[in-house]
Amino acid sequence: MKPNNHLIAPSILSADFGNIYGAVDMINESEADWFHIDVMDGMFVPNISFGFPVMEAVKRRAKKPMDVHLMIEKPERYIERFRDAGAHVITVHYEACPHLHRVIQQIKETGALAGVAINPHTPVTHLVDILEDVDLILVMSVNPGFGGQKFIYNAIPKVTHLKQLLMERNLSPYIEVDGGIGLQNAERVLQAGANVLVAGNAVLGADNPHSVITSLKAIGNGSLKNIPA
């Protein structure tokens, strides 16, 4: 089966923060589609990444959309600020949002695309009641909190199951997979039904990141839906 058209979203978490603009410029000049930005609060996940100052710095330089993944508790406190800081897509975790529908609507009210993420242990069936409301579903293929982890292959049948649920309802949000993605597994993930691949170390840790992005894109013919300005 030929993979769906897909997008590549290099993760800034894997960048050299002593040369953040070097990473941003590389992504701008490459065939990548989005910047993936992981925000961690040290509470929802056991790590702290970065917040608004770094996002705003990326925004000033970025020529492509910013896909912001909030691994934080009570994300509703900051939705508007993340949009102002440059987020085109804002994804929150199912596990962090007891009032998920309300938060998804809050994101949409800012004009950003609204996404929901699930951890490796969370069944996709938990999302049935929110599928019609989201623009993107992020399936974590590592436990969130740190870059450089090994891909959890149970994510592949989860993506297949999610794709089936969406097709039964005639829905077509983005299906994004994040964690341990590289040339060794990208095709299987795409064949399962994903159409956005987050790649961190595989791209920004490579000797030739441009070449890795080009190879990831070559697995299928990438296409970009309209997203907010």
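**View 1. Gly 111 follows helix H4 with a positive phi.** In this predicted model, the phi of Gly 111 is near 95°. Helix H4 itself covers residues 100-109. Its buried residues are Leu 100, Val 103, Ile 104, Gln 106 and Ile 107. Seen down the helix axis, these residues fall within an arc of 155°, so they line one face of H4. The face turned away from that buried side carries Arg 102 and Glu 109, both exposed. Cover for the buried residues of H4 includes helix H3 (79-84). Strand E4 (87-93) and strand E5 (113-118) are also among the covering elements.

**View 2. Strand E5 is mostly covered.** Six of the six residues of E5 are buried. Leu 113, Gly 115 and Ala 117 point one way from the strand. Ala 114, Val 116 and Ile 118 point the other way. Both sets are buried. E5 pairs with E4 in the parallel sense, over five bridges. One residue to pick out is Ile 90, whose bridge partner in E5 is Ala 114. E4 and E5 also appear in View 1, where both help to cover the buried residues of H4.

**View 3. The largest nonpolar core has 65 residues.** Ile 37, Val 68, Leu 70, Phe 82 and Val 92 have the most contacts inside this core. Helix H5 supplies the largest share of the core, six residues. A second, separate core of 13 residues includes Trp 34, Val 89, Leu 113 and Tyr 174. Leu 113 belongs to strand E5, where Leu 113 is buried. For a closer look at the larger core, centre on Val 68. Val 68 touches Ile 37, Val 39, Met 55 and Phe 82, among others. Its contacts also include Ala 87, Val 89, Ile 90 and Thr 91. Of these neighbours, Ile 90 is the residue bridged to Ala 114 in E5.

**View 4. Four residues of an annotated binding site gather at one spot.** An unreviewed UniProt entry places the feature "binding site" at His 36, Asp 38, His 69 and Asp 178. These positions span 143 residues in sequence, yet no two of their C-alpha atoms are more than 10.3 Å apart, so they gather at one spot. Two of the four are followed in the next views. Asp 38 and Asp 178 touch each other.

**View 5. Asp 38 is buried in strand E2.** The strand runs over residues 35-40. Asp 38 has a relative accessible area of 4%; under 20% counts as buried. Its contacts include Ser 11, Leu 13, Ser 49 and Phe 50. Asp 38 also touches His 69, Met 71 and Asp 178. The side chain of Asp 38 makes a polar contact with the side chain of Ser 11, at 3.0 Å. Ser 11 sits in the loop between strand E1 (7-10) and helix H1 (20-29). Ser 11 counts as buried too, at 5% relative accessibility. Beyond Asp 38, Ser 11 touches His 36, Val 198, Ala 199, Gly 200 and Leu 204.

**View 6. Asp 178 is buried in strand E7.** E7 runs over residues 174-178. The relative accessible area of Asp 178 is 9%. Its side chain makes a polar contact with the side chain of His 36, at 3.3 Å. Asp 178 touches His 36, Asp 38 and His 69. Its other contacts include Leu 138, Val 139, Met 140, Ser 141 and Val 142. Val 198 is touched by Asp 178 and by Ser 11.

**View 7. Phe 146 is a partly exposed residue of an annotated binding site.** The unreviewed UniProt entry also places the feature "binding site" at Ser 11, His 69, Gly 145, Phe 146, Gly 147, Gly 148, Asp 178, Gly 179 and Gly 180. Among these, Ser 11 is buried. Asp 178 is buried as well. Phe 146 has 43% relative accessibility and counts as partly exposed. Phe 146 is found in the loop between strand E6 (136-140) and helix H5 (155-168). Phe 146 touches Met 40, Pro 46 and Asn 47. Met 40 lies in E2, the strand that also holds Asp 38.

Notes:
Residues numbered from 1 in each chain as written. Predicted model: local features only at pLDDT ≥ 70, side-chain atom pairs only at ≥ 80, totals over all residues. Heavy atoms only, no water. UniProt positions renumbered as here; feature names shortened; annotations may be inferred. Helix = DSSP H or I, 4+ residues; strand = E, 2+ residues; numbered from the N terminus. Buried < 20%, exposed > 50% of the residue type's maximum accessible area, 1.4 Å probe, protein only. Contact = heavy atoms within 4.5 Å. Polar contact = N/O pair within 3.5 Å; in protein donor to acceptor, adjacent residues only side chain to side chain. Arc of directions from axis to C-beta. Core = buried A, V, L, I, M, F, W, Y, C linked by side-chain atoms within 4.5 Å. Pairing = 2+ DSSP bridges. Lists of a residue's contacts leave out its neighbours within four places in sequence.
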